[in-house]
Amino acid sequence: MNGTDNFNPHQIIWKDQRLVLHPERCLWWPARRILMVADLHLGKARSFHKHGIPVPESSMDDIARLRNILQIFNPRELVFLGDLVHDRDSLEEPAARALTQLRDEFRITMILTPGNHDLDLNSLARLVPCLQVEKSVWMNPFRLLHNSEDCSGSEASICGHVHPGVRVRTGSHSSARFPCFALDHDKNTLTLPAFGGFTGMHLLETAPNLETYPVVENTVFPHGNGSKDGFRKNPR
Ligand SMILES: [Fe+2]
């Protein structure tokens, strides 16, 4: 990182690998110089507009956030862990062009492990020709893919799909829901929060072998079982 940002990420060690959980809801794997993001759902607002729901468009904001993160980490590869787009025809040309420009500007390999919303891979390939589509990616010791249920539990997986969130106490009589990273030791899976700004959240129940790391503003921190891991603050 360049030291000029105001983010407070959190690092964990899993399978002997240092992983940085970043408050922009992305995962940085320094040893491989891979940046992972899940569930952008680009064009979701456009889908809503078609059904008469006048929500603001956020795809270009999400791509601007992504560009900022690429500047911070300068990765070798960018892996989209599925649901890059929200609907069959929701990716508009400006967003597609912006993705291609990111690839050119940062000279990264861009890989998509498709999700259940990435229905029209032919259109995606036409609009973003630099995108490599792989059902899943094996990057020892991790399997990268959209849905951990498509992975054998014997392999450690890094995935998206769930849009995990947790409820965090914010006062003696108040609590709030926040997106989170979720490390489930029973399922052998690390799940990323949804990167997209206009996405839903699935609230997780606490469980003995589940560590959660909520994202609150510019900070990621260990919560519940996650607070036992001993890596409290601020990797660089
Ligand atoms: Fe999703």
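Me: Two strands pair if DSSP finds at least two bridges between them. What makes strand β3 and strand β4 a pair, then?

Reply: Strand β3 (residues 26-29) and strand β4 (residues 34-37) share three bridges, and the definition asks for at least two, so they count as paired. Their pairing runs in the antiparallel sense, and W29 stands opposite I34 in β4. Strands here are DSSP runs of E with at least two residues, helices are runs of H or I with at least four, and both are numbered from the N terminus. This is a predicted model, where local features need pLDDT of at least 70, side-chain atom pairs count only at pLDDT 80 or more, and totals for chains, interfaces and linings use all residues. Residues are numbered from 1 along each chain as its sequence is written.

Me: What makes β1 and β7 edge strands?

Reply: Seven strands form an open sheet with mixed pairing, in the order β1-β2-β3-β4-β5-β6-β7. Each of β1 and β7 (131-133) has a single partner strand, so one side of each lacks a neighbour in the sheet. From one strand to the next, the twist averages 25 degrees; it is an angle between lines fitted to C-alpha atoms, taken from 0 to 180 degrees between N-to-C directions.

Me: Why is K15 called buried or exposed?

Reply: A residue is buried if 20 or more other C-beta atoms (placed from the backbone) lie within 10 Å of its own, exposed if 12 or fewer, and partly exposed in between. K15 has 11 within 10 Å, so K15 is exposed. You will find K15 in the loop between β1 (10-14) and β2 (17-22).

Me: And why does N188 count as buried or exposed?

Reply: N188 has 20 C-beta neighbours inside 10 Å, so N188 counts as buried. The loop between β12 (174-184) and β13 (189-191) holds N188.

Me: What makes the backbone at K15 worth a second look?

Reply: Most residues other than glycine have a negative phi, and most peptide bonds are trans. K15 is not a glycine, yet its phi is positive, about 55 degrees. N188 also has a positive phi, near 60 degrees. As for peptide bonds, the one from N140 to P141 is cis, with omega near 10 degrees. P141 lies in the loop between β8 (137-139) and β9 (142-144).

Me: How do you know that the length of α3 agrees with what a helix should span?

Reply: The expected span is 1.5 Å times one less than the number of residues. For the 14 residues of α3 (residues 93-106) that gives 20 Å, and the end C-alpha atoms are 20 Å apart, so the two agree.

Me: Where do the buried residues of α3 lie around its axis?

Reply: A95, A96 and L99 are the buried ones. They fall within an arc of 105 degrees, so they line one face of the helix; the arc is that of the directions from the helix axis to the C-beta atoms. On the other side, E93, P94, D104 and E105 are exposed.

Me: Which residues does G115 touch?

Reply: Two residues are in contact if their C-beta atoms, placed from the backbone, lie within 7 Å. Leaving out residues up to four places away in sequence, G115 touches G82, D83, H146, G160 and H161. G115 is also buried, with 23 C-beta neighbours inside 10 Å.

Me: What is the mean pLDDT of the protein?

Reply: The mean is 89, and 93% of residues reach 70 or more; pLDDT is the predictor's confidence in each residue, from 0 to 100. Over residues 229-236, though, the pLDDT is below 50.
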